[in-house]
Amino acid sequence: MTPLTLDIPDAELDELRARLARTRLPDQAPGAPWATGTDVDYMRYVLDHWQHHFDWRAQEAALNAFPQFTVPLDGIDLHFIHAEGQGPDPRPLLLCHGWPGSVFEFLDLIPRLTDPARFGGDPADAVTVVAPSLPGYGLSFAPGQPRFGVVEMADTLAGLMTEVLGYDRFAAQGGDWGSFVTSRIAFDHPDRVTALHLNMMPVRRDPAMVTRPTPDEERYLAELKTFLKEETGYQWIQGTRPQTLAFGLSDSPAGLAAWIIEKFHRWSDCGGDVETAIPLDRMLANISLYWFTGCINASFWPYYARMHGPWPIPDDGPIAVPTGYAAFPKEILRPPRSLAERVYTDLRQWTEMERGGHFAALEQPAALADDIRALLRQVR
């Protein structure tokens with residue numbers, strides 16, 4: 001393990017600003033703003049802020065406030081935060097982001113988990129957080145390194161917890177691809193995972209899985225039909241021609257930002273104004289990390305692996321570890337409990353959250369932390 005302090009050279013900051021100054025914007029398509037993708041007027045404002053007002057060093061310092069390390073594992077240098085719990089008996093928790101996320105998602109969540117007393121909670125609930133950059137993402141990327149799908153990510157992160165850090169047993173939490181990765185770890189290593197907490201439920205997206213639907217299942221099937229028609233374009237291009245898309249997003253910071261911000265806008269509980277859910281500077285910190293590390297192409301790989309392989313959570317055996325789910329109302333898909341219980345056979349906690357969307361750690365860190373602690377309390 002090698003300690004890491006993130007320090008992007010000034011020359012790279014200058015080059016980013018220079019590229020932003022040369023941005024050529026497209027025209028606005030007919031129809032309502034955001035109806036066909038990222039709104040041009042909003043992007044003009046974002047790019048001006050990114051070039052002239054965004055303080056990368058402040059975001060960098062916020063990340064560097066946590067102990068960070070890299071370790072050579074499975075052919076890559078894996079980056080992770082390792083934040084010790086401040087309590088009498090902190091147990092380890094693996095915390096996994098997804099796409100288009102990064103460890104910047106967790107800056108407000110980690111302290112609520114490691115030091116609950118600081119936020120009015122019980123120090124007995126403290127956990128030690130291990131938050132890796134997924135292989136191929138952010139600081140876990142180097143050009144030309146091996147590509148990782150969900151199965152390979154799960155193997156590597158299980159190795160991080162057991163072989164590198166020496167945790168025989170640990171809890172795991174994830175959203176987006178993180179929900180797939182942590183579920184796969186729980187499937188492969190049920191003897192090691194004490195509890196699994198999810199803020200996205202990764203059940204199969206196949207309308208044929210329900211033959212005589214209940215009202216809640218009918219609601220889900222209607223949502224799924226709309227999702228498959230209107231919301232999966234990014235999945236098809238990232239899952240079939242990621243290399244081609246990567247040329248534009250690796251060369252244009254404006255293109256990269258527009259590609260990612262559209263997801264922040266579409267998938268958050270923002271009522272049409274994304275900054276009511278996620279601060280602009282935190283969005284730009286996340287996008288800047290993709291830009292500075294040049295990882296966008298590798299970050300697409302789980303989609304390619306998913307399109308060209310089996311569903312990453314096998315059907316031939318249940319996930320039997322104690323599981324909790326935080327059901328945020330604006331999550332991109334909201335499967336009913338009846339479908340989740342086909343896979344997660346010890347579903348101990350199902351919380352209907354009041355507010356929040358796909359980026360729960362960014363949008364509702366206090367509510368998410370409370371729900372994680374409530375599950376871990378049951379298995380402690």
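Me: Is Trp34 buried or exposed, and with what relative accessible area?
Reply: In this predicted model, Trp34 is found in the loop between helix 1 (10-21) and helix 2 (40-52). A residue counts as buried when its relative accessible area is under 20%. Trp34 falls under that limit and is therefore buried, with a relative accessible area of 16%.

Me: What is the phi of Trp34?
Reply: Trp34 is not a glycine, and yet its phi is positive. The residue belongs to the loop between helix 1 and helix 2. The phi of Trp34 is about 75°.

Me: What is the phi of Asp176, and is this residue buried or exposed?
Reply: Asp176 lies in the loop between strand 6 (170-174) and helix 6 (177-188). Its phi is positive, at about 55°, although Asp176 is not a glycine. The limit for a buried residue is under 20% relative accessible area. Asp176 has a relative accessibility of 9%, so the residue counts as buried.

Me: How many aromatic pairs does the structure hold?
Reply: Ring centres of Phe, Tyr and Trp must lie within 6.5 Å to count as a pair. By this rule, the count of aromatic pairs is 18.

Me: Which geometry does the aromatic pair of Trp99 and Tyr303 have?
Reply: A pair of aromatic rings is described by the distance of the centres and the angle of the planes. For Trp99 and Tyr303, the centres are 5.8 Å apart and the planes stand at 85°. Planes over 60 degrees apart count as edge-to-face. The pair of Trp99 and Tyr303 is thus classed by its angle as edge-to-face.

Me: How many residues apart in sequence are the parts that the pair of Trp99 and Tyr303 ties together?
Reply: Trp99 is located in the loop between strand 4 (91-96) and helix 4 (110-114), whereas Tyr303 is located in helix 13 (residues 301-307). Both Trp99 and Tyr303 are buried. Because the two rings sit in these separate elements, their pair ties together parts whose separation in sequence is 204 residues.

Me: Which residues form one aromatic cluster with Trp99?
Reply: Trp99 pairs with Tyr303, and both residues belong to one aromatic cluster. The other members of this cluster are Trp177, Phe180, Tyr234, Phe264, Trp267, Phe300, Trp311 and Phe359.

Me: Which residue does a cis peptide bond join to Trp99?
Reply: The omega of this bond is about 0°. The partner is placed in the loop between strand 4 and helix 4. The residue joined to Trp99 by the cis peptide bond is Pro100.

Me: How many salt bridges does a search of the whole structure find?
Reply: Side chains of opposite charge can pair when their charged atoms come close. The cut-off applied here is a side-chain nitrogen of Lys or Arg within 4 Å of a carboxyl oxygen of Asp or Glu. Over the whole structure, the number of salt bridges found is 20.

Me: How far apart are the closest N and O atoms of Arg19 and Glu15?
Reply: Arg19 and Glu15 are four residues apart in helix 1, so about one helical turn separates them. Arg19 is partly exposed at 23% relative accessibility, and Glu15 is partly exposed at 37%. In their salt bridge, the closest N and O atoms are separated by 2.8 Å.

Me: Which residue forms a salt bridge with Arg219?
Reply: The two partners are four residues apart in helix 7 (residues 215-230), which means that they are separated by about one helical turn. Arg219 is partly exposed, with a relative accessible area of 24%. The closest N and O atoms of the salt bridge are 3.0 Å apart, and the partner of Arg219 is Glu223.

Me: Which residues are linked with Arg57 in a network of salt bridges?
Reply: A salt bridge needs a nitrogen of Lys or Arg and a carboxyl oxygen of Asp or Glu. The network that includes Arg57 contains Asp7, Asp10 and Glu60.

Me: Which residues gather with Asp74 in a patch of negative charge?
Reply: Asp74 lies in the loop between strand 2 (68-73) and strand 3 (76-83). Patch members need over 30% relative accessible area, and Asp74 is partly exposed at 46%. On the surface, Asp74 gathers with Glu152, Asp155 and Glu163.

Notes. Residues are numbered from 1 along each chain as its sequence is written. This is a predicted model: local features need pLDDT of at least 70, side-chain atom pairs count only at pLDDT 80 or more; totals for chains, interfaces and linings use all residues. Side-chain values use heavy atoms; hydrogens and water are left out. Rings of Phe, Tyr and Trp (its six-membered ring) pair if their centres lie within 6.5 Å; planes under 30 degrees apart count as stacked, over 60 as edge-to-face and the rest as tilted. Helices (H or I, at least four residues) and strands (E, at least two) are DSSP runs, numbered from the N terminus. Buried means under 20% relative accessible area, exposed over 50%, partly exposed in between (1.4 Å probe, protein chains only). Patches are made of residues with over 30% relative accessible area and no salt bridge: like charges are joined within 9 Å, nonpolar side chains (Val, Leu, Ile, Met, Phe, Trp, Tyr) within 5 Å. Accessible areas come from the Shrake-Rupley method with a 1.4 Å probe; for residues, only the protein chains shown count as cover. Lys and Arg count as positive and Asp and Glu as negative; His and the chain ends are not counted. The place of a charge is taken as NZ of Lys, CZ of Arg, CG of Asp or CD of Glu.
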